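The following report describes the architecture of a two-chain model, beginning with a single loop residue and widening to the chains and their interface.

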Amino acid sequence: METGTKARFSPGRGWPAPRWLVVALPYAWLLAFFLLPFLIVLRIALSDTARALPPYAPHWTGWAEAWNFLQALDLESFATLVGDSLYLDAYLSSLRIAATATLIALLIAFPLAYAMASAPRRWQPALLILVILPFWTSFLIRVYAWMAILRPEGVLDALLRGLGLIDEPLGLMNTETAVLIGMVYSYLPFMVLPIYTSLERLDRSLLEAAADLGATPLRRFVSIVIPLARPGIYAGCFLVFVPAIGEFVIPDLLGGPETLMIGKVLWTEFFSNRDWPLASAVAILLLLILAVPLLAYQRFARKEAA
Amino acid sequence: MNRLRAPHLLALVFGIAFLYLPILVLVLYSFNASRLVTVWGGFSTRWYAALLQNQALLDAAWLSLKVALVSASLATILGLLSALALGRFGRFAGRTLFAGMIAAPLVMPEVITGLALLLLFVGLDAERGFWTVTIAHVTLTACFATIVIQARLVMLDRSLEEAAQDLGATPLRVFFAITLPMIAPAILAGWLLAFTLSLDDLVLASFTSGPGSTTLPMRIYSSVRLGVTPEINAASTLLIALVATVVVLASLLIKRDALART
């Protein structure tokens with residue numbers, strides 16, 4: 001076994017292009033265009049707002065002035081964030097809307113994933129493609145499709161009126177309900193796929209054994225299916241909840257003036273109010289908030305692997 | 001396996017209908033003769049004809065196509081290198097940071113990535129336009145390409161590579177003669193994913209583009225904000241048809257490829 005590991009194929013040895021180049025190229029790209037920009041965001045979040053182009057006055061001008069920099073370090077933007085209830089409300093309502101959307105997505109996705117996993121084997125690849133295909137079509141267009149459906153006198157109103165179910169338009173457009181519908185719709189594949197993957201591996205003989213031993217269908221579901229699907233449920237919730245918090249397009253197009261979400265606040269601060277330090281501070285605080293579910297999920301995944 | 005039971009069938013029908021009906025409605029109304037979105041005025045292709053007259057939209061589409069082609073190709077190269085580094089190199093200095101940076105853009109809100117990249121470009125005093133949008137898209141989509149290619153690389157049967165190496169092939173030769181052909185479907189899938197994500201992106205492009213470089217999603221977004229128009233329905237339908245065709249063709253190619261290999 002010892003010699004086997006040594007002789008194992010490793011593309012590193014003897015390449016004309018040295019092994020380090022394979023790593024260095026993408027590494028350098030990510031450092032330059034992913035990590036460095038975040039440091040700049042942090043720097044600008046700690047700058048003063050200025051009426052200039054670019055609209056901020058940096059405090060950082062070089063290592064020699066490090067002491068001056070530290071002294072001039074400015075938490076003004078963060079103070080605004082904490083002091084003004086608008087921002088606090090936006091963070092809280094983003095979390096609430098994202099959590100609600102995650103829960104609804106789970107309630108819709110679980111039966112779908114369960115039905116997919118219990119369908120005849122030869123159907124499953126086709127069902128999988130059916131669920132994935134909408135993910136490939138444009139996100140913006142899928143949100144736009146709901147505008148046509150939910151708008152006053154839109155497709156849904158016309159349909160319900162035609163069926164004689166309503167007399168007045170529902171008035172769903174530009175409400176929080178519309179935002180929730182848009183989110184559940186857009187992120188549903190992210191919930192279905194991990195749950196399906198964990199259910200697909202479920203050993204059916206466990207269910208049969210439980211049935212033979214007299215367990216009711218509900219009991220079998222609660223004590224066998226749910227625990228075995230847990231990794232998929234957690235992964236799905238993570239993949240829906242985290243991107244939903246910072247979502248911009250859905251609240252902007254489907255939401256109304258009273259739907260407050262932090263992604264939209266950041267956009268407005270940046271593009272309309274041109275307050276770059278404040279927008280940067282909003283981004284930094286949002287990153288800190290996102291770190292909580294990220295670390296929690298990582299912990300869960302590590303425990304699951306052990 | 002077992003036959004499909006009624007509640008399962010119901011869940012499937014409801015779920016699939018929920019996913020597809022909105023898109024279907026959009027496609028249907030793009031053929032509506034009436035300008036009013038809810039009134040069906042008969043079948044017509046007039047909005048498709050109107051699209052061809054809309055020079056601003058055509059320019060935006062052309063720019064988006066160029067950005068998507070260039071950024072998907074660069075992202076696939078970076079993705080292949082990253083997948084090799086993560087899947088084949090074992091431990092190397094700074095691997096944790098590297099893996100973290102690969103995974104982060106997947107869950108990072110686009111508004112943050114967009115803001116961060118714009119501040120970088122402003123700091124560098126770079127002229128904003130085609131290249132800044134392309135760089136932003138490469139950064140986002142390379143991560144998706146990496147994950148698709150790495151998944152295939154990890155599943156690969158190593159014995160062929162080892163046999164070739166035992167027979168004296170240089171690592172480079174092993175890579176081009178054996179590894180690359182075996183992961184080719186994943187490379188194609190990674191490229192396609194990067195291409196469609198780039199074609200679709202609104203937020204990163206809005207932050208990083210400059211005057212005179214408006215992409216198709218930006219153009220669609222600015223007219224959509226003003227309301228639902230049949231012309232945008234037609235443009236959306238064309239975009240959906242394009243993506244669906246490419247994805248179906250690609251999956252057929254990959255399937256044929258897989259069949260030929262077994």
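B:Asp125 counts as exposed because it has 7 C-beta neighbours inside 10 Å; a residue is exposed if 12 or fewer other C-beta atoms lie within 10 Å of its own, buried if 20 or more do, and partly exposed in between, with C-beta atoms placed from the backbone. This residue lies in the loop between helix 5 and helix 6 of chain B. Its phi is positive, near 60 degrees, although the residue is not a glycine. Most residues other than glycine have a negative phi.

The model is a predicted one, in which local features need pLDDT of at least 70 and side-chain atom pairs count only at pLDDT 80 or more, while totals for chains, interfaces and linings use all residues. Residues are numbered from 1 along each chain as its sequence is written, and chains are lettered from A and ligands numbered from 1 in the order in which they are written.

A positive phi also occurs in chain A, at A:Arg274, with a value of about 55 degrees. A:Arg274 belongs to the loop between helix 13 and helix 14 of chain A. With 15 other C-beta atoms within 10 Å, A:Arg274 is partly exposed.

Two further residues of chain B illustrate the range of burial. B:Met108 sits in the loop between helix 4 (95-107) and helix 5 (110-124), and B:Met108 counts as buried because it has 22 C-beta neighbours inside 10 Å. Its C-alpha atom is 9.6 Å from that of B:Leu140, 32 residues apart along the chain. B:Ala56, in helix 3 (residues 55-88) of chain B, counts as exposed, with 11 C-beta neighbours inside 10 Å. The C-alpha atoms of B:Ala56 and B:Thr215 are separated by 10.0 Å, and these residues are 159 positions apart along the chain.

The burial of the four residues is set out below.

| Residue | C-beta neighbours within 10 Å | Class |
|---|---|---|
| B:Met108 | 22 | buried |
| A:Arg274 | 15 | partly exposed |
| B:Ala56 | 11 | exposed |
| B:Asp125 | 7 | exposed |

Helix 5 of chain B, which B:Asp125 follows, has 15 residues and reaches 21 Å from its first C-alpha to its last, close to the 21 Å expected at 1.5 Å a residue. The expected span is 1.5 Å times one less than the number of residues. Helix 5 is mostly covered, with 12 of its 15 residues buried; among them are B:Glu110, B:Gly114, B:Leu115 and B:Phe121. The cover includes helix 2 (19-45), helix 13 (262-272) and helix 14 (276-305) of chain A, together with helix 4, helix 6 (130-155) and helix 9 (203-208) of chain B.

Chain B as a whole has 11 helices and zero strands, whereas chain A has 14 helices and two strands. Helices (H or I, at least four residues) and strands (E, at least two) are DSSP runs numbered from the N terminus. The C-alpha atoms of chain B fill a box of roughly 70 × 65 × 30 Å along the principal axes. Buried residues make up 45% of the 262 residues in chain B and 42% of the 306 residues in chain A. Of the contacts with a separation of 6 or more, residues 24 or more positions apart account for 77% in chain B and 71% in chain A; two residues are in contact if their C-beta atoms, placed from the backbone, lie within 7 Å.

In chain A, helix 11 (residues 217-245) departs from a straight course. A straight helix of its 29 residues would span 42 Å, but helix 11 spans only 36 Å between its end C-alpha atoms. A kink of about 55 degrees lies at A:Arg230, shortly before the proline A:Pro231. The bend is the angle between axes fitted to the seven residues ending at a position and the seven starting there.

Between the chains, 67 residues of chain B are in contact with 76 residues of chain A. Helix 1 (residues 6-29) of chain B gives the most to its side of this interface, with 11 residues. That side divides into 50 nonpolar, 11 polar and six charged residues, where Ala, Val, Leu, Ile, Met, Phe, Trp, Tyr, Cys and Pro count as nonpolar, Asp, Glu, Lys and Arg as charged, and the others, Gly among them, as polar.

The largest nonpolar core has 165 residues, of which A:Ala113, A:Val282 and B:Leu115 touch the most other members. Such a core is a set of buried Ala, Val, Leu, Ile, Met, Phe, Trp, Tyr and Cys residues joined through C-beta atoms within 7 Å. Domain 1 (11-77) and domain 2 (84-274) of chain A both give residues to this core, so it lies between them; the domain bounds come from an automatic or database domain assignment. Not counting residues up to four places away in sequence, A:Val282 touches A:Leu81, A:Tyr87, A:Ile262, A:Val265, A:Leu266 and A:Glu269.
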